[in-house]
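Here is a short report on one protein structure. Look over the sequence and the model before reading on.

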Amino acid sequence: MSKKIRKFPKDFLWGAAVSSYQVEGGIENCDWSEKFPAGKSCDYYNQYEKYFDLAKDLNHDVHRFSLEWSRIQPSEGKFDRKEIEHYRKVLRALKKRNIKSMVTIWHFTLPLWLSEKGGLHNIKFPEYFESFTKFVTEELDDLVDFWVTLNEPMVYLSLAYIEGRFPPQKKKSFLVPLVFINFVRAHKKAYNTIHSINQNAKVGTAQNYCYSDAYNKKSSVNKILVKISNFITNHSFSKFIKKHSDFIGVNYYFHNRIKLTPFSFPFVKIDNENKKVSDMNWEIFPKGLHFVLKDMKKYNKPIYITENGIADSKDEKRSEFIKEHLKWMHKAIEDGVDVRGYMYWSLVDNFEWDSGFAKRFGLVEIDYQNGLEAKIRQSAYDYAEICKNNSL
Ligand code: BGC
């Protein structure tokens with residue numbers, strides 16, 4: 001793309017995202033803790049002021065993080081006021097630095113007591129989620145700028161119940177429809193609950209949106225498969241909740257190429273081109289963000305990029321990765337898409353779920369062997385310039 005200067009809209013929000021289990025440390029009472037312990041992680045729970053100072057120095061004006069359900073509701077009948085006080089302090093620390101907060105209610109972890117009852121595939125999951133949402137909204141809403149109810153429900157559904165990788169690690173596809181409906185109901189209930197407490201609240205979800213393409217562009221079968229895949233990943237959930245969303249949160253990472261494989265189950269192959277890849281071996285495909293944003297325009301809602309990032313331990317590709325994605329995001333804005341903010345994933349290196357600590361997504365490097373020393377990467381400074389100038 002050309003070298004022109006790209007201005008972003010007035011009041012555009014710039015920042016980064018994290019989630020409780022991935023950064024806080026000391027979480028021992030959730031469904032991930034036993035099989036995938038994150039130990040001390042970045043100790044965000046105690047050192048959030050240090051990290052927020054870094055975010056401020058890097059010119060961020062929004063920060064996305066999640067509440068740890070297992071801390072706030074450690075057993076079924078008990079809400080822990082001490083933990084609410086903790087998150088109030090976290091939110092005040094952001095306010096003090098003039099950084100807006102985007103608070104995710106569920107980012108992949110459940111309290112142990114709830115997972116023991118079936119968790120996401122318990123028919124009453126939406127009611128449990130509603131009651132947790134009610135409690136946290138009553139206690140925290142005065143300090144929260146944006147609420148995100150669920151993070152990437154469709155991704156979790158497939159990694160937990162089709163691939164069996166994430167808790168409850170059940171390869172039981174027959175549970176997929178139930179979990180899908182539970183997510184839809186949970187979101188709607190949470191949306192209504194938050195609005196019954198604060199009718200001006202801004203409530204949305206953060207969903208993983210992909211750009212899918214056909215292996216063979218001339219094959220009409222492949223083209224149909226692309227349409228189906230695009231509908232399932234990008235629209236199935238969004239369509240159900242569109243009347244219950246004040247904004248759309250876009251997490252963008254993937255470009256998939258799809259083809260029919262008639263002789264091998266499940267008869268469809270989803271892959272990437274593997275040309276330029278991240279340390280996760282995910283293809284880098286910035287143009288796909290433009291497609292996704294244009295594709296979401298029809299919902300007629302403000303859009304925030306709630307996640308976009310790269311695992312790149314050497315920090316060789318991150319700066320260009322960010323800039324190229326921002327160029328395509330800017331083009332989408334020129335094309336009339338109402339994008340209002342961008343949150344890089346992630347502010348700091350952290351616990352990358354079943355991939356552990358080796359994958360480095362952070363703008364800030366964390367030295368786990370050396371007292372969690374935080375070192376700002378060059379790409380973080382490059383991004384900070386963009387945030388400061390609101391232009392690229
Ligand atoms: C999730 C994050 C995760 C990131 C990179 C998203 O799917 O919301 O928790 O770390 O992608 O894999």
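How many Å separate an oxygen atom of the ligand from an N or O atom in the side chain of Gln22? The distance is 2.8 Å in this model, which is a predicted one.

## Around the ligand

Gln22 has company. The residues surrounding the ligand are Gln22, His107, Asn151, Glu152, Tyr253, Trp282, Glu307, Trp345, Glu352, Trp353 and Phe361. Glu307 has an N or O side-chain atom 2.8 Å from an oxygen atom of the ligand. For Tyr253, a polar side-chain atom lies 3.4 Å from a ligand oxygen.

Trp345 is also on that list. Trp345 belongs to strand E9. With a relative accessible area of 3%, Trp345 is buried, because buried means under 20%.

## A cis bond after Trp345

Most peptide bonds are trans. The bond from Trp345 to Ser346 is cis, with omega near 15°. Ser346 sits in the loop between E9 and strand E10 (364–367). Its relative accessible area is 0%, so Ser346 is buried.

What does Ser346 touch, not counting residues up to four places away in sequence? The answer is Ala16, Ala17, Val18, Phe361, Gly362 and Leu363. Phe361 is one of the residues around the ligand, too. A polar side-chain atom of Ser346 lies 3.2 Å from the backbone oxygen of Val348. Gly309 is 37 residues from Ser346 in sequence, yet their C-alpha atoms are 6.7 Å apart.

A second cis bond joins Pro167 and Pro168, where omega is about 10°. Pro168 is in the loop between H7 and H8.

## Residues with positive phi

Most residues other than glycine have a negative phi. The table lists some with a positive value.

| Residue | Phi | Place |
|---|---|---|
| Phe108 | near 80° | loop between E3 and helix H5 (112–116) |
| Asn300 | about 60° | loop between helix H10 (287–296) and strand E8 (303–307) |
| Asn390 | near 50° | follows H12 |

Is Phe108 buried or exposed? Phe108 is buried, at 3% relative accessibility. Asn300 counts as exposed, at 71%.

## Helix H9

Helix H9 runs over residues 220–241. Why does its length make sense? At 1.5 Å a residue, its 22 residues should span 32 Å, and its end C-alpha atoms are 31 Å apart, so the two values agree. Yet H9 has a bend of about 50° at His235. His235 is also among the buried residues of H9, which include Asn222, Leu225, Val226 and Ser229. From His235 to Trp345 is 110 residues in sequence and 23 Å in space, C-alpha to C-alpha.

Asn234 lies in H9 as well. Its relative accessibility is 0%, so Asn234 counts as buried. The side chain of Asn234 makes a polar contact with the side chain of Thr233, at 3.3 Å. Leaving aside neighbours within four places in sequence, Asn234 is in contact with residues including Asn208, Tyr209, Cys210 and Phe291.

Ser229 of H9 has a polar partner too. The side chain of Ser212 makes a polar contact with the side chain of Ser229, at 3.4 Å. Ser212 is in strand E5 (residues 203–214). Ser212 is buried, with a relative accessible area of 5%. Beyond four places in sequence, Ser212 is in contact with Val226, Ser229, Asn256 and Ile258.

## Helices H7 and H12

Helix H7 (residues 153–161) is mostly covered, with eight of its nine residues buried. Among them are Pro153, Met154, Val155 and Tyr156. What do the buried residues of H7 pack against? They pack against strand E3 (100–106), strand E4 (146–151), helix H8 (176–197), E5 and H9.

Helix H12 (residues 378–389) has 12 residues. From first C-alpha to last it reaches 17 Å, close to the 16 Å expected at 1.5 Å a residue. Ser379, Ala380, Tyr383, Ala384, Ile386 and Cys387 are buried in H12. Seen down the axis of H12, these buried residues fall within an arc of 160°, so they line one face of the helix. Their cover includes strand E1 (13–17), helix H11 (318–334), strand E9 (339–345) and strand E11 (373–376). Strand E9 is also where Trp345 is found.

Key:
Residues are numbered from 1 along each chain as its sequence is written. This is a predicted model: local features need pLDDT of at least 70, side-chain atom pairs count only at pLDDT 80 or more; totals for chains, interfaces and linings use all residues. Side-chain values use heavy atoms; hydrogens and water are left out. Helices (H or I, at least four residues) and strands (E, at least two) are DSSP runs, numbered from the N terminus. The expected span of a helix is 1.5 Å times one less than its number of residues. The bend at a residue is the angle between axes fitted to the seven residues ending there and the seven starting there. Buried means under 20% relative accessible area, exposed over 50%, partly exposed in between (1.4 Å probe, protein chains only). The arc is that of the directions from the helix axis to the C-beta atoms. Contact means heavy atoms within 4.5 Å. A polar contact is a pair of N or O atoms within 3.5 Å; within protein, one must be able to donate a hydrogen and the other to accept it, and residues adjacent in sequence count only if both atoms are side-chain atoms. A residue is near a molecule or strand if one of its heavy atoms lies within 4 Å of it.
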